[in-house]
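Got the viewer open? Load the model, keep the selection box handy, and follow along from stop to stop.

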Amino acid sequence: MAHTGQLTASPLRLPGLSRVTLLRIAIILAVLAIWEAVAASGLLFRDVVPSLTVIARALASLLGEEGFYWNLGVTAGEVGTGLVIGGFAGLVVGIVLGGSRFLSRAFEPYIYYLGPTPKIIFFPVMIMWFGVGPGSKVAMGTISCFFPIALSVAAGMRQIDGVLIRVGRSFRANTWQMVTKIYLPAMRAPIVNGVRLGLGVAIIGTLLAETKLSNRGIGFLIINSYSTFNMPRMYSLLIAVFVLSIGVNALVSRLGNLEAVKRR
Amino acid sequence: MNGVAQAQKRGTPALLGLAVLIAALALIELLIRAGVINRFIVPLPSEILASFKRVVVEEGIPERFWLTLREAFWATLLLTVFGVGLGVLLHRVRILRLATETWVAALASAPTVLMYPLFLVIFGRSANTIIMMGFVAGLAPVILKTVEGLAGTRRVLIDVARSFKLTPWQLYWKILFPAALPSIFVGIKLGMIFALINIVGVEFLINFGGLGQLINELAERYDLAGTYAAICFVILVSVLFFMFTERLERWLTPAN
C-alpha cells in the first residue's frame, strides 16, 4: 500500500485504476483468507464461522430450492404492495405539504420528527389491526416508506423552478393538470430518490416483521435457520438478501441518474 | 430557520397542527365510544393517557431508559472511534479510498439490521448484541462524512500549512480536523440516529433490555392501553433525542 500521505489529487489516473482493482481483489482475498483461517482455527464456537466451502454449498442448495423463490415472491409482494400504498400516500402528502407553506409549517414537523423513529415497534399494533398474515407486513412496509417519500417529495416541490409553475398558471391549468404536467415531471429526481430511500426502509420493515412473527417470507427463513442453528444457511440467506437489496438500490438510483441525464 | 419574526409567523400553523392532532384524537375517542371502532383493537385515547403513569411506575421505565441510553452511548463511542478512525485511514491512503468508498456506500444502503440473528449467535442474547447492532448500523455514514469533511478542506488552508512547514501530524490536528469537524459531527449525528433506531428495534425483536422490550412485553400480555402508551413513550423519546442532536449540531457548527 502506498503511504504517500499526499493531499492533492494524484494525476496518475490510468495506472491508478488498475491498481485500485488490484487492491480490491487483494482486500477480498485477504478477508476470505482470514475468514477461512478463523474457521479452521476453531477459536470461535463451532459453526459460528463456517468454512467458505460450506457456505458456498449452502448458498448453491438455497438457490436450487423451489421454496426459496416462493418465499422470495411472498416477501417481494409484501414489499411491493407496501411501497405502492406508502409511496402513493407519501406522494400525495408531499405534494400537498410542499405546495403550501402554511400546511407545511403546520404538519411537516410531525412527519420530519417521526421519520427517524424505529418503525418496527408499531408491529404489535399492526398485528392487532391487520392480523398475523401478510397484511401486517405490508402495513410495516407502508409505514416505513411513507416518511422518506413524503419528506423527499415535499422538499422537491419547494425546489421546482418558479417559472414552470407560472407557465402552468398562465395556461390556466387545473390542479390535476398542474400535478401531472408540471409537478411530477419537474420532481423526477427527488421522487426517484425518495423511492430509493423508501424501498430500502420498506425492505427492512417487512423483513424484520417477518423475523418477528410469520410463517413465510425471507425473514421467516432467516429466523428459522437461527432457531435450527443452521449457520451456513443463515449466511447464504443474508448474502442473498444483501445482494438483492443493494442491487435493487443501485438499479433505482441508476434510473434516477438516467432520467436526470435525459432531462438535460 | 430562526429569527423572532419567523417564529411568530410560524406560531399559527403550529397551533393548527396541534389542534388537528387533538381533534383527531377526540374523533377517535368518539368513534370508539360510539362503537364504530372496536375498543379491543384501538383503546380509548383517554385510557392510553391514563395508563402512561401506570406504565412509567410499574414497568421500571427509568431503569429501561437508562439501559437503552447506556447501549446507545457505547454504540456511539464505538462509532466515533472506528468511524472517524477508518475515515482518516481512507483519506490518508488515497488508493484505499478509491477501492473501498463505494463499498462503504453500499453498506450504508444494505439492510444490516437483518444480521441480528447472526449477532445473537456470536454475542449471545445480551446488551453486547444490541450495542454491536447499533454500531454496525451507524458505521457507514460516520466513515463517509469523515472522508468527505477531510477531503473538502479548502486548498488555501492546506497551502498555509505547507508554507509553515507543518508536519503531517500538525497538519491533521491544526488544519484538517478543525476544518472537517462540522462534517464529522453530521456523520456522528446520522450514525447515532441509525444506532438508536436499531437499538430500540433489536431490543423489541429479541425481547431483551430496555425500551424496545417493554413494548414487546406489554403486547404479549395483551395490555392494549399499555402497549399504545409505551409506543407513544418510545416515539417521544426518539423525537426528543433527534431534536437534541439537531440542537447539538447547530450549537457545534460555526455560524456562517
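Start by selecting Asn207(B), which is partly exposed, with 15 other C-beta atoms within 10 Å. The cut-offs behind that word: a residue is buried if 20 or more other C-beta atoms lie within 10 Å of its own, exposed if 12 or fewer, and partly exposed in between, with C-beta atoms placed from the backbone. Asn207(B) is not a glycine, yet has a positive phi of about 55°. Look along the backbone and you'll see that Asn207(B) sits in the loop between helix 8 and helix 9 of chain B. Helices here are DSSP runs (H or I, at least four residues), as strands are (E, at least two), and they are numbered from the N terminus.

Some housekeeping before moving on. This is a predicted model, in which local features need pLDDT of at least 70 and side-chain atom pairs count only at pLDDT 80 or more, while totals for chains, interfaces and linings use all residues. Residues are numbered from 1 along each chain as its sequence is written, and chains are lettered from A and ligands numbered from 1 in the order in which they are written.

**Colour chain B by confidence**

pLDDT is the predictor's confidence in each residue, from 0 to 100. Chain B has a mean of 86, and 95% of its residues reach 70 or more. Which helix of chain B has the lowest confidence, and which the highest? Helix 1 is at the bottom with a mean of 80, and helix 6 (residues 127-151) is at the top with 92. For the complex, the predictor gives an ipTM of 0.84 and a pTM of 0.85.

**Next: helix 9 of chain B**

Select residues 211-220 of chain B: this is helix 9, and eight of its ten residues are buried. Among them are Leu211(B), Leu214(B), Ile215(B) and Leu218(B). What covers them? Show helix 3 (61-92), helix 8 (168-206) and helix 10 (224-252) of chain B, then add helix 5 (123-130) of chain A; the cover of the buried residues includes these four. Just past the end of helix 9, click Tyr222(B), which takes a positive phi of about 55°.

**Now the side facing chain A**

Two residues are in contact if their C-beta atoms, placed from the backbone, lie within 7 Å. By that rule, 44 residues of chain B are in contact with 51 residues of chain A. Helix 10 of chain B gives the most to its chain's side, with eight residues. Colour that side by residue type and it divides into 35 nonpolar, six polar and three charged. For that split, Ala, Val, Leu, Ile, Met, Phe, Trp, Tyr, Cys and Pro count as nonpolar, Asp, Glu, Lys and Arg as charged, and the others, Gly among them, as polar.

**Into the core**

A nonpolar core is a set of buried Ala, Val, Leu, Ile, Met, Phe, Trp, Tyr and Cys residues joined through C-beta atoms within 7 Å. The largest one has 117 residues, and Met133(B) and Ala195(B) touch the most other members. Helix 8 of chain B gives the most to this core, with 19 residues. Centre on Ala195(B): leaving out residues up to four places away in sequence, what does Ala195(B) touch? Its partners include Ala72(B), Leu79(B), Gly134(B), Phe135(B) and Gly138(B).

**Over to chain A**

Hide chain B and zoom out. Chain A has eleven helices and zero strands. Its C-alpha atoms fill a box of roughly 75 × 60 × 30 Å along the principal axes. Buried residues make up 39% of its 264 residues. Of the contacts in chain A between residues at least 6 apart in sequence, 75% join residues at least 24 apart.

Select Tyr235(A), in helix 11 (residues 231-263) of chain A. Is Tyr235(A) buried or exposed? Tyr235(A) counts as buried because there are 22 C-beta neighbours inside 10 Å. Beyond its neighbours within four places in sequence, Tyr235(A) is in contact with Pro50(A), Ile55(A) and Ala58(A). Draw a C-alpha to C-alpha distance to Ile222(A), 13 residues away in sequence, and it should read 8.9 Å.

Last stop: Arg172(A), in the loop between helix 7 (162-170) and helix 8 (175-186) of chain A. Arg172(A) is another non-glycine with a positive phi of about 55°. Arg172(A) is exposed, with 7 other C-beta atoms within 10 Å.
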